[in-house]
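Here are some notes to read alongside the model, written for someone meeting it afresh. Please keep the structure open while going through the points.

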Amino acid sequence: MNGDSSAPFSRRRFLGTAAVALGASAVPALGQQAGTIEFENDIAGSVRRNISSFRALDWRPYFDNTRGGAILVDITSRALHYWSEDQSIYKLYPTSVPLSEDLTRRGRTRVTLKDPAPDWRPTPAMKQRNPEWPDYMPPGPDNPLGIRALHLSWTYYRIHGTHDTRKIGRRSSNGCIGLYNEHIVELFDMAKVGTQVLLI
């Protein structure tokens with residue numbers, strides 16, 4: 001994790017509270033709830049806890065069931081929620097989100113591939129915006145996809161790690177959802193091919 005010790009709260013302790021949502025199209029931003037997570041975009045991109053108690057977000061406004069597990073990504077709150085199939089596990093992780101609305105996709109998809117050592121190729125649109133970028137980058141410390149990636153059924157879209165911890169909690173991606181490397185390892189181990197994913 002790049003040895004970043006500037007964040008006063010352990011990222012492993014990132015849980016947070018979330019009010020039970022009114023519905024998938026009307027979920028409030030977590031940072032707007034009293035006593036919930038406050039996302040602070042400081043120079044380290046740290047996301048700090050500002051909670052007094054923990055209450056899991058209810059999965060039922062978003063999914064008919066949790067068969068295969070369920071992942072909800074809230075673009076506004078910059079948070080990813082995970083429920084295991086039997087609902088015994090609930091996780092909440094801070095994320096990076098797309099830079100702009102034109103790069104943002106919302107709706108239902110699913111995990112189609114679990115990549116334990118992702119390599120990276122920029123999409124044609126990314127290469128057009130950034131012609132100086134390399135055409136290919138192998139797995140390793142400079143790879144923009146970090147150390148794990150979950151491929152989605154949408155072409156080019158991933159939930160993946162990042163070696164650049166400054167990106168978490170910010171609008172910083174080219175469309176994908178980024179997590180701290182330690183968090184994508186956790187999610188990678190829990191998620192399955194076929195896990196439901198909803199971006200709102």
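**Notes on salt bridges, sheet and core**

1. Seven salt bridges turn up when the whole structure is searched, and it should be kept in mind from the start that this is a predicted model. As a general background, side chains of opposite charge can pair when their charged atoms come close.

2. Three of these pairs can be looked at one by one, beginning with Arg 106 and Glu 101, whose closest N and O atoms are 3.1 Å apart in their salt bridge. Arg 106 has a relative accessible area of 40% and is therefore partly exposed, because that value lies between the limits of 20% and 50%. Glu 101, with a relative accessible area of 46%, is partly exposed as well.

3. Lys 127 and Asp 135 form another salt bridge, with 3.0 Å between the closest N and O atoms. Is Asp 135 buried or exposed? Asp 135 counts as exposed, because its relative accessibility of 57% is over 50%, while Lys 127 is partly exposed at 23%.

4. In the salt bridge between Asp 164 and Arg 166, the closest N and O atoms are 2.9 Å apart. Asp 164 counts as partly exposed at 23% relative accessibility, and Arg 166 counts as partly exposed at 47%.

5. Turning to the sheet, eight strands form an open sheet with mixed pairing, and their order is β3-β2-β1-β10-β5-β6-β7-β9. The edge strands, each of which pairs on one side only, are β3 (90–94) and β9. On average, and with direction ignored, neighbouring strands of this sheet are turned by 30 degrees against each other.

6. Strands of a sheet pair through backbone hydrogen bonds, either parallel or antiparallel. In which sense do β7 and β9 pair? Strand β7, which covers residues 158–162, pairs with β9 in the parallel sense over four bridges, and Ile 159 stands opposite Ile 177 in β9.

7. β2 and β3, by contrast, run antiparallel and are joined by five bridges, with Ala 79 standing opposite Pro 94 in β3. The hairpin of β2 and β3 has six residues between the strands, and in this hairpin Gln 87 takes a positive phi near 65 degrees. Although β3 is an edge strand, it is mostly covered, since four of its five residues are buried.

8. The helix α2 lies across several strands, namely β1, β2, β3, β5 (107–115), β6, β7 and β9, and it runs at about 110 degrees to β9.

9. The largest nonpolar core has 22 residues, and those with the most contacts inside it are Ile 71, Leu 80, Ile 159 and Leu 187. At least two residues of this core come from each of β1 (70–74), β2 (79–83), β6 (149–152), β9 (177–180), α2 (181–190) and β10 (196–199). Which of the elements gives the most to this core? It is α2, with four residues.

10. Leu 80 is a useful residue to follow by eye: leaving aside residues up to four places away in sequence, Leu 80 touches a list of residues including Ile 71, Lys 91, Tyr 93, Ile 159, Ile 177 and Leu 187. A second core, separate from the one just described, has 12 residues, among them Tyr 62, Ala 70, Leu 72 and Ile 200.

How values were computed. Residues are numbered from 1 along each chain as its sequence is written. This is a predicted model: local features need pLDDT of at least 70, side-chain atom pairs count only at pLDDT 80 or more; totals for chains, interfaces and linings use all residues. Side-chain values use heavy atoms; hydrogens and water are left out. A nonpolar core is a set of buried Ala, Val, Leu, Ile, Met, Phe, Trp, Tyr and Cys residues joined through side-chain atoms within 4.5 Å. Buried means under 20% relative accessible area, exposed over 50%, partly exposed in between (1.4 Å probe, protein chains only). Contact means heavy atoms within 4.5 Å. A salt bridge is a side-chain nitrogen of Lys or Arg within 4 Å of a carboxyl oxygen of Asp or Glu. Two strands pair if DSSP finds at least two bridges between them. Axes are lines fitted to C-alpha atoms, for helices over the stretch in contact, and angles run from 0 to 180 degrees between N-to-C directions.
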